[in-house]
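I opened my notebook to look up a few things in this model. My plan was to go from strands to domains to the ligand.

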Amino acid sequence: MRDDLIGLFPPGTRLDGDGTLLIGGCPVTELAERYGTPALLVDEGALRARARTYADGLAARWPNSRVVFASKAFPCTAVYRLMAEEGLGADVAGGGELALALAAGTDPAALVVHGNARTTGELRAAVEAGAGLIVVDGFDDIDRLERILADDRCVPAGGEQGVLVRVTPDIRPATHAAVSTGQADSKFGLLPAPAKEAIARLRGSDRLRLDGVHVHIGSQILDTEPFRRAVEAVAALGDFAVYDLGGGLGARYSYDDHPPSVAAYLDALIGAARGVLPAAARILIEPGRSMVAEAGVSLYRAVTVKRGAGATFVAIDGGMGDNLEVSLYRQRFEATVATRVGGGETCRLVGRHCESGDELVTGVPLRDPRPGDLIAVPATGAYTYALSNNYNGALRPPVVFCRDGRHRAVVRRETYADLLRRDL
Ligand SMILES: Cc1ncc(COP(=O)(O)O)c(C=O)c1O
């Protein structure tokens with residue numbers, strides 16, 4: 001077994017006396033029996049600890065600040081509630097995530113509302129909900145918001161709607177193209193020259209209150225240097241009350257991933273801010289992936305083990321229906337038989353879906369894999385629940401919070417009736 005395999009699981013993960021994996025102190029065998037497979041397990045203690053590491057780390061370095069959880073990474077009400085309990089705000093992308101955050105009881109004033117293509121209805125819903133900040137992605141957003149606010153029936157909390165302008169700084173971090181957003185040809189935000197125009201226009205608005213600027217250069221970024229450059233880019237736009245520096249810190253999925261720690265990331269980010277941002281400014285950050293990835297573990301059951309054609313295929317009862325990260329971004333994960341943790345035969349861990357590309361992990365060492373085995377895949381807390389789908393009539397898995405040996409489902413498994421629910 002690679003020594004660091006357990007290190008890919010949530011901190012505190014261990015094995016019981018007979019070698020079975022315990023997540024949040026709960027044996028995965030017990031969890032599989034109670035909730036079935038596939039299931040998305042969340043170590044609640046690890047998730048709370050991560051939220052506190054972020055919140056305390058930012059507050060210690062820049063007291064006038066707030067961590068705003070990028071909820072697209074795990075948009076379920078239990079996670080919104082957990083983040084709110086830990087004192088974090090939430091970033092919501094569009095009307096759906098706004099509705100989820102509000103249903104979870106997130107303080108509207110702590111919401112930052114994003115999106116590159118929000119309808120008038122979505123923007124109106126944000127204003128009516130009392131969202132603290134709406135991020136303007138272009139001039140059409142300004143037109144829409146001004147029209148919305150010209151309607152006397154739509155009065156924002158405090159009489160004015162706070163907005164930020166999203167800036168595209170022409171920074172292309174080293175990451176998958178699909179999750180790079182800071183480059184000049186990005187569909188998100190405004191390049192510095194038009195951003196300055198938008199800023200000037202908003203300064204003249206009597207209903208929109210320009211609070212500051214926003215930048216988010218991409219996701220799964222494993223180096224702090226691009227973040228530093230992004231801070232410099234927003235500083236060059238002038239002095240504001242608020243700077244939202246986005247998210248993007250990478251998570252550790254596999255042995256070769258070495259993302260900076262939260263402390264190293266904050267040192268770099270706030271170190272840069274100290275040099276160029278006004279001391280009185282408020283800083284927001286929006287971590288998503290790096291907040292939730294490590295706390296999640298996907299639990300599957302091996303359905304078949306097929307040897308031949310130079311490979312051993314271990315086919316599980318899930319796949320691209322519950323984890324699209326591989327298909328979309330070729331994300332490398334690791335895996336283990338959950339009752340015989342560690343390496344052995346090199347296998348192809350494949351899903352149950354009707355595409356050859358539905359291969360969760362290629363070349364993963366599994367110890368004597370057999371049909372019926374539980375298979376655990378670590379670091380699946382980010383963007384798996386969010387991107388899960390019903391391909392091939394797959395039922396989206398339950399989400400199970402585990403903590404101190406106790407467990408509770410916070411999202412149930414779908415049923416076949418759910419698959420029919422929208423049909424008229
Ligand atoms: C505006 C914005 N903020 C924050 C995030 C979170 O990024 P990450 O999950 O990489 O931290 C995203 C992700 O796409 C985003 O679009």
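**Sheet.** I looked up the strand order first. The model is predicted, and in it I found an open sheet of three strands. The order reads β1-β2-β3, and the pairing is antiparallel. Which strands sit at the edges? I noted β1, residues 14-15, and β3, residues 26-27. Each of these pairs on one side only.

**One pair up close.** Next I checked β1 against β2, which covers residues 21-23. The two run antiparallel and are joined over two bridges. I then picked R14 and searched for its bridge partner in β2. That partner is L22.

**Domains.** I turned to the domain assignment. It lists domain 1 as 6-43 + 293-420. Domain 2 is given as 107-287. So much for the bounds. How far apart are the C-alpha centres of domain 1 and domain 2? I wrote down 34 Å. Next came the contact between them. Domain 1 gives eleven residues to the contact, and domain 2 gives seven. I sorted the domain 1 side by class. Seven of its residues touching domain 2 are nonpolar, one is polar and three are charged.

**Ligand.** Last, I looked around the ligand. How many residues surround it? I have 16 in my notes. The ones that come nearest are A70, S219, G247, G288 and R289. I sorted this shell by class too. Eight of the shell residues are polar, four are nonpolar and four are charged.

Methods:
Residues are numbered from 1 along each chain as its sequence is written. This is a predicted model: local features need pLDDT of at least 70, side-chain atom pairs count only at pLDDT 80 or more; totals for chains, interfaces and linings use all residues. Two strands pair if DSSP finds at least two bridges between them. Helices (H or I, at least four residues) and strands (E, at least two) are DSSP runs, numbered from the N terminus. Domain bounds come from an automatic or database domain assignment. Two residues are in contact if their C-beta atoms, placed from the backbone, lie within 7 Å. Ala, Val, Leu, Ile, Met, Phe, Trp, Tyr, Cys and Pro count as nonpolar, Asp, Glu, Lys and Arg as charged, and the others, Gly among them, as polar. A residue is near a molecule or strand if its C-beta atom, placed from the backbone, lies within 6 Å of it.
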